[in-house]
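Reader: I should like to learn how to read the features of a protein model. May we take them in turn, from the chain as a whole down to a residue?

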Amino acid sequence: MDRAAEETEGTAGMGRLAATVARLRDEIRAAQAAADGRALIELAKGVLIERLGCGPTAAGRQLAALAEESGLSQLELAADIVNQAARDHVTEVAADFVRRATGQESHEDQDAVEAEDAATVAVRLRTAESGAAAAGDTQAVAESLLEHALTPLGATAVAVWAAGADASLSLAGHAGFPADEAGRWRYVPPGVCTLARQALTERSTVLCESQPSSAMPSIGWTHNPRGGRIAVPAGTGGRVHGILEICWPEPLEQQPPQILRQVEALAELCAHTLEGGPGTAAPPAADTWSVPPDLSELVDLAEGLYDPALVLTPHLWPDGRLADFRIHHVNSHFTDPAGRPRNAVGGTLLLESYPLAMGDSGLFDKIERVYATGEAFRARRMTLTTLVDQVPLDTTVDVSVSRHGSSVLLIWRVEDDTARLANLLQHAQRLGRIGGFEENVLNGEIVWNDQLFDLYGLPHHTRPVSLEEMAAHAHPDDAVSIGRFVRAVLHHRRPASAAFRLQRPDGITRHIRVVAEPVLDDDNRLRSVRGAYQDISAQHWTEVALAATRDQLAHTEQQAAERNRLTLQLQHAIMPPSHSGMDSPGLQVAVRYRPAESESMVGGDWYDVVVLPSKQVMLCVGDVAGHGIEAATSMVVLRNAMRGLAVTGAGPGQLLAWLNIVAHYLTEHVTATAVCGLYDPQTRTLRWARAGHLPPVLVRGDKASPLQPAGGILLGALSEATYEEAELQLDVGDTLLMYTDGLVERRDESVQESLTRLLSTARVPGASLEQRLDGLLTHSKSDTDDDTCLIGIRVV
């Protein structure tokens, strides 16, 4: 029990201690707020002393009396007095609220609330300003801003970033962030993309409603990922001295203009602090020009450059805004594109000397941005436009702009025709892999350019190879051609060229072409030799590859031609294109075979008409899938197999079943379609079957119609298949047509449409069976370039 009582007493003691610490902290904050308020009141007293010409005590009594008469607190009245005297951005913000309070932008029933808001904003901003004025460093300024001005807006943290000369960011002050978080963000190097960096680069306010998954990192977002924030540039006179970043605990909606104006006013307070404190001297007037004492080092730097350089200083309007840049100094290498002397450019304003810098090139905007952010700018081949006798003149320059303190160094390099042509020549030599040389035959001095050392694979500090020593670096088989080249140049003194294989020290062999010409003196004596080497390895191997390709192509073409010739010979030997008519008792037979128009499209179409030992006539038409020698060979196998099987006396269905086994097992994966019919002259009956083929067409009188198709799968698809048989009774005068798809098939229409057109053509009467078949071939509109087989039988 005693121990429990001791623990209870200890807990109560810790609670009292914590309450005491909290009370003391509140008292300290209240004292700081009162001190900031007193600073604002003292500032208002100073205004009254200057305006009324009285002493401090009288000014204090006057302030108290005026506050009592107006019904305002002394702090509110002090803010109003300072606003009236300052006429700065804070004044504009408070005046905006006053205009809204008087009904210019709101309804009358809201006037009282608006007036109270205006007074609150004025007091809040002026109190924050007085706290900043009394603070000893930027850290205290950040704490004062958060306590007096930002907490009423709902903000929970603030960071003041100082922009470095290299566009880096340093955390000059912060409030509301954990100490370890602030320590990690003490310095942000150039090039790191953060919210503050975006505001610095764009020189405008950046509002982020909340942190998305791909948001830029920034201070405090790891502790509050849902919070919104605003980053505002803090600058004066056209230069951004830093960034004010304000954080909210919840997602931030689009803020009204009056809140953004308050934030901009606070950023202006930070700018004066970062610039050097509220006591910094005012900028010079627009019509004055003084030489800052810290420009001497920058002037010395510009004089040490070999390129034209200008030292620029900011030229401000009376209200402190950047108007232009004064050309403080031009170095001794400066050449004006318009032809003016140096003293005519130095001391003038940039836009006066180069008014078109504000034009398409955007040079002035680039300089202004460098001056504002400190981020250097460099560009190659920028067009600088100047006025020469009121005529625009374009000059191509390489530009470099950098900020040094409060000044800007502008360097431009004018690219003349000689330098441009030399640059083009270097690129041409590099792309063409060409190296030049000059060899003095009198003193033995040899000059190589860098490309030639690279071609030889030698370090640039080694001794160049003379013409007499070329053979030692070449393939032994090329010694004869190199000897002729050297003798022609050195002894016969005439231009020459040679191609050889260069063997480099690294073991790589390159194909080189060398050209040279002698240089003679006034007495026609050889003084030196000039020439060039070119690496033609790529060209050599391309020619070798082309030659091999041509040989291979010729061989392939020869093989293809021989293959097609053999295929046609095989096909024509089995099925001649012209086939004489064959007659049997009571039956007239005619056959037409039309090979493909292209020899490369030789296919596997086949037909057969043969009288069997039983006196029946076998009629067959087939089509093997594919083209070329394989299709023709398979066609021969199936045609001969059908002839051999037909002597067994089996019906057409059985013949096709056996032929399917042949296609499936005895050939190399052959598939084919076929129609087989057996005609009995005594009874004039036709028994027929088909394997995936188009059915025959019966022409009777002036009508033509396809036979009802019998079922049957194409040959070779399955190991075993059955085929239905159909029987047709023919009459005297009937004509039966059997054909392959080469007669009717078209790419742009269905088979049924093609068959309908065939039936229309078949109805046309012909004087003879031969003429009817010729007419079908003539009117055929097939476009597949395939073989065509056609058999016609007429009962007589």
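Reader: Among contacts in the chain between residues at least 6 apart in sequence, what percentage join residues at least 24 apart?

Author: The model is a predicted one. In this chain, 59% of the contacts between residues at least 6 apart join residues at least 24 apart in sequence. The chain has 21 helices and 27 strands, and 42% of its 796 residues count as buried.

Reader: How should a sheet be read, and in what order do the five strands of the open sheet stand?

Author: Strands of a sheet pair through backbone hydrogen bonds, and the pairing is either parallel or antiparallel. Here the five strands form an open sheet in the order 13-12-16-15-14, with antiparallel pairing. At the edges are strand 13 (446-448) and strand 14 (496-503), each of which pairs on one side only. On average, neighbouring strands of this sheet are turned by 20° against each other, direction ignored.

Reader: Over how many bridges do strand 14 and strand 15 pair?

Author: Strand 14 pairs with strand 15 (residues 509-520) over eight bridges, in the antiparallel sense. Within strand 15, Arg513 is the residue opposite Ala499.

Reader: Which strands does helix 16 lie across?

Author: Helix 16 (residues 479-491) lies across strand 14, strand 15 and strand 16 (526-535). Its direction is at about 140° to strand 14.

Reader: How is the packing of two helices to be read; at what angle do the axes of helix 18 and helix 19 cross?

Author: One considers the axes, then the residues in contact. The axes of helix 18 (residues 628-646) and helix 19 (residues 652-665) come within 10 Å and cross at roughly 140°. Helix 18 is therefore oblique to helix 19, and their crossing is right-handed. Helix 18 contributes Val637, Leu638, Ala641, Met642, Leu645 and Ala646 to the contact, while helix 19 contributes Leu655, Leu656, Trp658, Leu659, Val662 and Ala663. By class, this contact has 12 nonpolar residues, no polar and no charged ones.

Reader: Finally, a residue in a loop: is Leu252 buried or exposed?

Author: Accessibility gives the reading, with buried meaning under 20% relative accessible area. Leu252 counts as buried because its relative accessibility is 6%. This residue lies in the loop between strand 6 (239-247) and helix 9 (257-275).

Reader: With which residues is Leu252 in contact, leaving aside its neighbours within four places in sequence?

Author: Leu252 is then in contact with Leu207, Cys208, Glu209, Gly228, Arg229 and Ile230. From Leu252 to Ile230 there are 22 residues in sequence and 8.9 Å in space, C-alpha to C-alpha.

Technical notes: Residues are numbered from 1 along each chain as its sequence is written. This is a predicted model: local features need pLDDT of at least 70, side-chain atom pairs count only at pLDDT 80 or more; totals for chains, interfaces and linings use all residues. Side-chain values use heavy atoms; hydrogens and water are left out. Two strands pair if DSSP finds at least two bridges between them. Helices (H or I, at least four residues) and strands (E, at least two) are DSSP runs, numbered from the N terminus. Axes are lines fitted to C-alpha atoms, for helices over the stretch in contact, and angles run from 0 to 180 degrees between N-to-C directions. Contact means heavy atoms within 4.5 Å. Angles under 35 degrees count as roughly parallel, over 145 as roughly antiparallel, 65 to 115 as roughly perpendicular and the rest as oblique. A crossing is left-handed if the near helix is turned anticlockwise from the far one by less than a right angle, and right-handed if clockwise. Ala, Val, Leu, Ile, Met, Phe, Trp, Tyr, Cys and Pro count as nonpolar, Asp, Glu, Lys and Arg as charged, and the others, Gly among them, as polar. Buried means under 20% relative accessible area, exposed over 50%, partly exposed in between (1.4 Å probe, protein chains only).
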